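Hello,

Here is the structure I promised to send over. Have a look at it first, and then read on for what I found when I went through it.

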Amino acid sequence: MVQYLWNDLNSQEIKKRFAGKMPRFIVVPSTSGANVLPIALAKRLVVDLGGEFIDGSDIAHTLHGVPMKDVPRADRPFIWREYVLHDVEWLRAKADGMATVVVEDVFSSGASANAFCHSLSEAGIQVATVAGLLGDSRLQAEPQLI
């Protein structure tokens with residue numbers, strides 16, 4: 001799926017956001033634990049651009065228990081998403097001098113990626129950009145979103 005939906009132009013657009021730093025691609029933790037698409041995308045980005053891959057499920061856990069795909073579309077904006085990071089000091093040390101790219105598969109409301117970015121930001125880790133494979137055409141994306 002990643003091969004069909006992603007291309008080298010998308011990777012080059014992400015590269016512009018690094019400002020010369022080495023990238024670190026962190027996948028938004030999966031509520032179900034079965035979300036393989038963002039992992040495949042992050043690994044593709046490491047091949048395309050170099051850097052490091054981190055599965056977000058290894059560094060954080062979700063406090064919400066419902067995957068967005070199980071929530072009716074009209075209710076999605078009202079479902080609170082929250083992530084708690086493990087070993088923040090280790091993560092900060094890994095972040096030093098690197099550009100953090102958060103990777104998601106599908107943006108429906110953008111709430112999951114936004115909440116994960118907020119958790120990283122509160123830990124002192126600045127996110128350079130967010131990448132995803134698909135998005136709802138009604139989603140008004142932020143300019144840093146690829």
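**Overall layout**

The chain's secondary structure amounts to six helices and six strands. Please keep in mind that this is a predicted model. Reading from the N terminus, the elements follow the order α-α-β-α-β-α-β-β-α-β-α-β. The chain has 146 residues, and 40% of them count as buried. Among contacts with a separation of 6 or more, 78% are between residues 24 or more positions apart.

**The nonpolar cores**

I started with the inside. The largest nonpolar core holds 19 residues, and Ile59, Leu85, Val102, Phe116 and Leu120 are those with the most contacts inside it. Two or more residues each are given to this core by β4 (83–85), α5 (88–95), β5 (98–107) and α6 (111–122). Helix α6 provides the largest share, with five residues. As a general background, nonpolar side chains tend to be buried together in soluble globular proteins.

Leu85 is a good place to zoom in. Beyond its neighbours within four places in sequence, Leu85 is in contact with Ile59, Ala60, Leu91, Phe116, Ser119, Leu120 and Ala123. There is also a second, separate core of 15 residues, which includes Val2, Leu45, Leu49 and Leu133.

**Helix α3 and its partner**

Next, try helix α3, residues 37–49. Its 13 residues should span 18 Å at 1.5 Å a residue, and the C-alpha atoms at its ends are indeed 18 Å apart, so the two values agree. Which residues of α3 are buried? They are Pro38, Leu41, Ala42, Arg44, Leu45 and Leu49. Viewed down the axis of α3, these buried residues fall within an arc of 160°, so they line one face of the helix. A general point helps here: an α-helix has 3.6 residues a turn, so residues three or four places apart point the same way. Just after α3 comes Gly50, with a positive phi near 80°.

Helix α2 (residues 8–15) packs against α3 through a set of contacts worth displaying. The axes of α2 and α3 come within 10 Å and cross at roughly 75°. That angle lies in the range of 65 to 115 degrees that counts as roughly perpendicular, and therefore α2 and α3 are described as roughly perpendicular to each other. On the α2 side, the contact is made by Asp8, Ser11, Gln12, Ile14 and Lys15, and on the α3 side by Arg44, Leu45, Asp48 and Leu49.

**Some residues to look at**

Ile26 sits in strand β1 (residues 22–27). Is Ile26 buried or exposed? Its relative accessible area is 0%, so Ile26 is buried. Outside its neighbours within four places in sequence, Ile26 is in contact with Ile54, Gly56, Ile59, Thr100, Val101, Val102, Val103 and Phe116. The C-alpha atoms of Ile26 and Asp55 are 5.9 Å apart, although the two residues are 29 apart in sequence.

Ser30 belongs to the loop between β1 and α3. With a relative accessible area of 17%, Ser30 is buried, since the cut-off for that is under 20%. Leaving aside neighbours within four places in sequence, Ser30 is in contact with Asn35, Ser57 and Thr62.

Ala115 is in helix α6 and is buried, at a relative accessible area of 13%. Apart from neighbours within four places in sequence, Ala115 is in contact with Arg81 and Tyr83. Between the C-alpha atoms of Ala115 and Glu82 there are 5.9 Å, while the two residues are 33 apart along the chain.

Asp105 lies in strand β5 and is buried, with a relative accessible area of 10%. Not counting residues up to four places away in sequence, Asp105 touches Asn35, Leu37, Pro38, Gly132, Leu133 and Leu134.

Finally, Asp87 is found in the loop between β4 and α5. Its relative accessible area is 51%, so Asp87 is exposed. Asp87 has a positive phi of about 45° although it is not a glycine. For context, most residues other than glycine have a negative phi.

Do write back once you have looked around.

Best wishes

Definitions and conventions: Residues numbered from 1 in each chain as written. Predicted model: local features only at pLDDT ≥ 70, side-chain atom pairs only at ≥ 80, totals over all residues. Heavy atoms only, no water. Helix = DSSP H or I, 4+ residues; strand = E, 2+ residues; numbered from the N terminus. Buried < 20%, exposed > 50% of the residue type's maximum accessible area, 1.4 Å probe, protein only. Contact = heavy atoms within 4.5 Å. Expected span 1.5 Å × (residues − 1). Arc of directions from axis to C-beta. Core = buried A, V, L, I, M, F, W, Y, C linked by side-chain atoms within 4.5 Å. Axes fitted to C-alpha atoms, helices over the stretch in contact; angles between N-to-C directions. Parallel < 35°, antiparallel > 145°, perpendicular 65-115°, else oblique.
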